[in-house]
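Let's walk through a ligand site and a pocket together, one question at a time. Keep the viewer open while you read.

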Amino acid sequence: MQENENIKPDWTPKNAGKEFAVRVVKGTNQSNTVKSKIVKSNDLSIDDYIKGVLNNNRTILAKTITLIESNSEKHFDLAHKVLQKLLPHAGNSIRVGITGVPGAGKSTFIEILGMYLIGKGHKVAVLTIDPSSTVTRGSILGDKTRMENLSREPNCFIRPSPSGGTLGGVTRKSRETIIVCEAAGYDIILVETVGVGQNEVTVRSMVDFFLLLMITGAGDELQGIKKGVIEIADALLINKADGANEKKAEIAKTDFAMALHYLTPSTQGWTVPIETCSAITGRGIKEAWDNIEKFVALTKNSNIFEQRRKEQLVEWVHKLIEEELRNQFYNNPNIKSELPVIENELINGNILSIEAAKKLLSIFSKK
Ligand code: GDP
């Protein structure tokens, strides 16, 4: 097989000649997955990446995402070339953002929803955006075993949040990962994010539908969920409506319905539904998905769906520019040396904030 010619073994004994490698690889009857596992990323050409993704070779799919997530400049060029070629194959999916406070049941919900969708013949990709990983390098979402059944499904691909870098960097990578997953044939993309404020707005700008998962209890039903988040949600779902909690969930539903009444839905022609569900018993899961399908049908019909995706593309460009400018600014050697000095002047009351900003910007723009 031609593919074997490119495979180098992970390990060879000291002083081993070429013949050693050939003997090991050629003599083994390996499955596709195993074969690609020992292909080092360095050995993959653009074509290998493209073909691998388009054939939904999961190992290559994961490697492509790793390439895209790389913060190393030497990978940027290759990553962009790969993305460029995958782009025409992307876009054919429903992108759903799912948010909720830690413990709301996001992963349990995604697991049961994902299994339901796979049962309906869909291919589901689950991406998580965890802004905590950019700050602490730890993670709110990632430190427990999540979605065990779903992760074993061949028609599901789960990718945890990329770590390191800025929130802007993490979301850029997630947007590009969506493209890669779509090109690999995943027709439903679930983007999970933990509900802590700013990042919901970012996730909203990369999905077609935004679902807010809530729980009852703790007295204050708005439990840290900012009003702004409710305003950008396309559906509200009160989870854990089972057992003794079922009644409470129904009461919360009525309360929320009243609050929602005063909000203008963000999508013309769409009334934001508020429902209850249980990610444990499965009650309300089908209905939750039905709502998403209704929304997609409505917005495709009114062209809002397409329009929004176009707006999101434009918005993305602006975000990329902002991020690039910010990087250039803070990595500029003159800024690096002058910033602490000017900050100090500011703190000591010798200079106004606006003057400090102007001074720094003029240092930055001097070549
Ligand atoms: P996440 O932090 O939002 O991802 O929440 P998890 O999915 O990890 O769920 C947190 C806890 O709530 C776990 O112990 C789940 O078993 C439990 N849980 C999730 N969904 C439900 C539900 O519908 N009903 C009940 N009773 N418990 C649930």
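Q: In this predicted model, how far is an oxygen atom of the ligand from an N or O atom in the side chain of T108?
A: A polar contact here is a pair of N or O atoms within 3.5 Å. The T108 side chain offers an N or O atom to a ligand oxygen, and the distance between them is 2.5 Å.

Q: How much of the ligand does the protein bury?
A: Start with the ligand taken alone, which exposes 580 Å². Put the protein back, and the share of that area it buries is 72%.

Q: Which residue has a backbone N or O atom 2.8 Å from an oxygen atom of the ligand?
A: The backbone joins in at two spots you can check. At G105, a polar backbone atom sits 3.0 Å from a ligand oxygen. The 2.8 Å distance belongs to a backbone N or O atom of G103.

Q: How many residues of the shell around the ligand are charged?
A: The ligand is surrounded by 16 residues, with K106 and D242 among the closest. Sorted by class, the shell has 5 nonpolar and 6 polar residues, and the charged ones number 5.

Q: Which helix gives the largest share of the lining of the largest pocket?
A: This pocket has a volume of about 1100 Å³ and is lined by 35 residues, with H80, R172, E176, W316 and L320 nearest its centre. Helices α6 (73–86), α10 (167–183) and α15 (304–331) each supply at least two lining residues. The largest share, 13 residues, comes from α15.

Definitions and conventions. Residues are numbered from 1 along each chain as its sequence is written. This is a predicted model: local features need pLDDT of at least 70, side-chain atom pairs count only at pLDDT 80 or more; totals for chains, interfaces and linings use all residues. Side-chain values use heavy atoms; hydrogens and water are left out. A residue is near a molecule or strand if one of its heavy atoms lies within 4 Å of it. A polar contact is a pair of N or O atoms within 3.5 Å; within protein, one must be able to donate a hydrogen and the other to accept it, and residues adjacent in sequence count only if both atoms are side-chain atoms. Accessible areas come from the Shrake-Rupley method with a 1.4 Å probe; for residues, only the protein chains shown count as cover. Ala, Val, Leu, Ile, Met, Phe, Trp, Tyr, Cys and Pro count as nonpolar, Asp, Glu, Lys and Arg as charged, and the others, Gly among them, as polar. On a 1 Å grid over the protein atoms alone, a cavity is a set of points where a 1.4 Å probe fits but cannot get out, and a pocket is an open set with protein on both sides within 12 Å along at least five of seven lines; lining residues have an atom within 4 Å of a point. Grid points are joined across faces, edges and corners, and a volume is the space filled by probe spheres set on the points. Helices (H or I, at least four residues) and strands (E, at least two) are DSSP runs, numbered from the N terminus.
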